[in-house]
Amino acid sequence: MTAARKPSGTWFGAWLARPLADFHLVVTIATLLTVLGLVMVLSASSVEAYADGGSAYSLFMQQAFFAVLGAGLFYLALRVPMRLLRQLSFPVFAASVVLLVLVLIPGIGSQVQGSRRWFDLGFASLQPSEIVKVTLILWGAHLLATRIGEKAGYKDILVPLVPAGLLVCLLIVLEPNLSTTIAVGIILVALLWFGGLPVRLFVTIAVSGGVAAGILALSAGYRSDRMRAFFNPGDDPQGIGYQARQAQFSLADGGIWGRGLGQSRAKWSYLPNAHNDFIFAIIGEELGFLGCALVLGLFALFVFVGLRIAARSVDPFLRLLTAAATTWITGQALINIGYVVGLLPVTGLQLPLVSAGGSSLAITLMMFGLIASAARHEPEAIAALKAGQDGRVSRLLRLPVPESFAPARARTGRARSAAASGARRRELPPARKRSGKSAQSGKPRAASKSRGAVKPRGGAAAAPRRSIDSDSARRRSAEPARRDPRGAAPSGSWRATRAWEPSYPMKHARERGNSR
């Protein structure tokens, strides 16, 4: 007899069940994409940098510098306590909005190719529109998380998040920068969806955003040229459709196995922006279909891990933060790959962690660090770290043990008990309350007919008997108060739960109390 085979995928499922598996996967995905991006930036930019009279490693060294800076931001995001992160969410968001205003002022922001998007720091350039992506996610997640468990209506979800998001989009459009505007729109839509906005309102906002994006795409000359090149690719193959056409030629030239690392032909001034927006085409040409499948597989794994962390987080802030960040990074990657392969019009969005771009690389690595921190705050991960399991990672990185999530109580236990007993007293009928007068006639009760005394046996003195109703009320008030569902840890649902509805007796008592 042959031994029974283990089902396929058992080893991966067992490894995935480890407490810190999500943390390890996030770190691994970020490392692999960053290393792949550095290699491909060196390969795609060396020819152009050398042709401009500089060193073939100039763009690569700049990208490597921001990769090191992003690694430091990644580690810093792992160490920042979540309470401090939530306290600083609005100040850093306001500061990023101020930077967006300052970059539009001539003399402060530098203008490159008709767009005023960067601060020239001498050794490098800083793009504030990349910073505002992270700050909007932080502040939006904090804003919506504070309203989970409260009786939040549509206005509480939309205001002030949507007006602030529209202000950011307006400032970015003035640069002009349609691609980053689309990325901010993705973040705003993700926050509204996972924040619990009803589907009908969500569809209305999504359709309105799509119409606004279409109007912006047709309003400027270069954006309308891109739209015409997408819908009519053969009209001007050597003009407005040249870049997209050369990208498809590069992908076809790579085949299954690719031409080999560093052997691209398109980077010899045949494909504009080969190291930036269209680096996926160079990956397809040099590494072939297998290299493209590797990139797609890493982003697919990131989607799985990011949504898994969001589902397992008990803190609503971490749930919203992780879900919105995963949607933003994945959506940006899909848009970039979509226009490289010809499925979408060219927008200029970069491939996260792979395309050349210092600000984008550093900010995206910081966002990966926040997602990894959320993975360390999973209940099983916290229990394992406190128990000393998987201590290798903690000793290697010297990371503090994260704190367990403790939901804020609306009231203390004594206050809840007093309120519950008061509500039960108001439930009692007026005729059963202890009083020296009759509830019907208003006259004093006769001693012989009083329900509070009985005739003693054996001539003993009459002993007053306690009211049955008062005894039951006293016993009920002495019982522990019911646990307020608002104090319980939120469920693992990706979307925020609706407002807590009290039980019928408590609600009925409140209504009667208010009517009085």
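Reader: What makes Trp-193, Val-199, Val-203, Val-207, Val-211 and Ile-215 a nonpolar patch on the surface?

Author: In this predicted model, these six names belong to one nonpolar patch with about 520 Å² of accessible area together. A patch takes residues with over 30% relative accessible area and no salt bridge, and nonpolar side chains such as Val, Ile and Trp are joined within 5 Å. The residues listed are therefore grouped as a patch under that rule.

Reader: Which helix gives the most to the nonpolar patch?

Author: Helix 10, residues 199–219, gives five residues to the patch. Val-207 is one of the patch residues and lies in helix 10. As a general point, an α-helix has 3.6 residues a turn, so residues three or four places apart point the same way.

Reader: Why is Leu-353 called buried?

Author: Its relative accessible area is 3%, and buried means under 20%. Leu-353 is therefore buried. Leu-353 has its place in the loop between helix 14 (316–340) and helix 15 (358–376).

Reader: Why does Ser-269 count as exposed?

Author: Ser-269 has 65% relative accessibility, and the cut-off for exposed is over 50%. The value passes that cut-off, so Ser-269 counts as exposed. Ser-269 is found in the loop between helix 12 (242–254) and helix 13 (279–312).

Reader: What is notable about phi in Ser-269 and in Leu-353?

Author: Phi of Ser-269 is near 65 degrees, a positive value in a residue other than glycine. For Leu-353, also a residue other than glycine, phi is positive and near 70 degrees. Most residues other than glycine have a negative phi.

Reader: How do you know that the span of helix 2 agrees with its number of residues?

Author: Helix 2 covers residues 21–51, which is 31 residues. The expected span is 1.5 Å times one less than the number of residues, and for helix 2 this gives 45 Å. The end C-alpha atoms are 46 Å apart, so the two values agree.

Reader: Where is the kink in helix 2 centred, and what follows that helix?

Author: The kink, of about 45 degrees, is centred on Ser-45. Helix 2 is followed by Gly-53, whose phi is positive, near 95 degrees.

Reader: Which peptide bonds are called cis, one before Pro-160 and one before Pro-176?

Author: The bond joining Val-159 and Pro-160 is cis, with omega about 5 degrees. The bond from Glu-175 to Pro-176 is also cis, and its omega is near -5 degrees. Pro-160 is in the loop between helix 7 (154–158) and helix 8 (161–173), while Pro-176 lies in the loop between helix 8 and helix 9 (178–194).

Notes:
Residues are numbered from 1 along each chain as its sequence is written. This is a predicted model: local features need pLDDT of at least 70, side-chain atom pairs count only at pLDDT 80 or more; totals for chains, interfaces and linings use all residues. Side-chain values use heavy atoms; hydrogens and water are left out. Helices (H or I, at least four residues) and strands (E, at least two) are DSSP runs, numbered from the N terminus. The bend at a residue is the angle between axes fitted to the seven residues ending there and the seven starting there. Buried means under 20% relative accessible area, exposed over 50%, partly exposed in between (1.4 Å probe, protein chains only). Patches are made of residues with over 30% relative accessible area and no salt bridge: like charges are joined within 9 Å, nonpolar side chains (Val, Leu, Ile, Met, Phe, Trp, Tyr) within 5 Å. Accessible areas come from the Shrake-Rupley method with a 1.4 Å probe; for residues, only the protein chains shown count as cover. A salt bridge is a side-chain nitrogen of Lys or Arg within 4 Å of a carboxyl oxygen of Asp or Glu.
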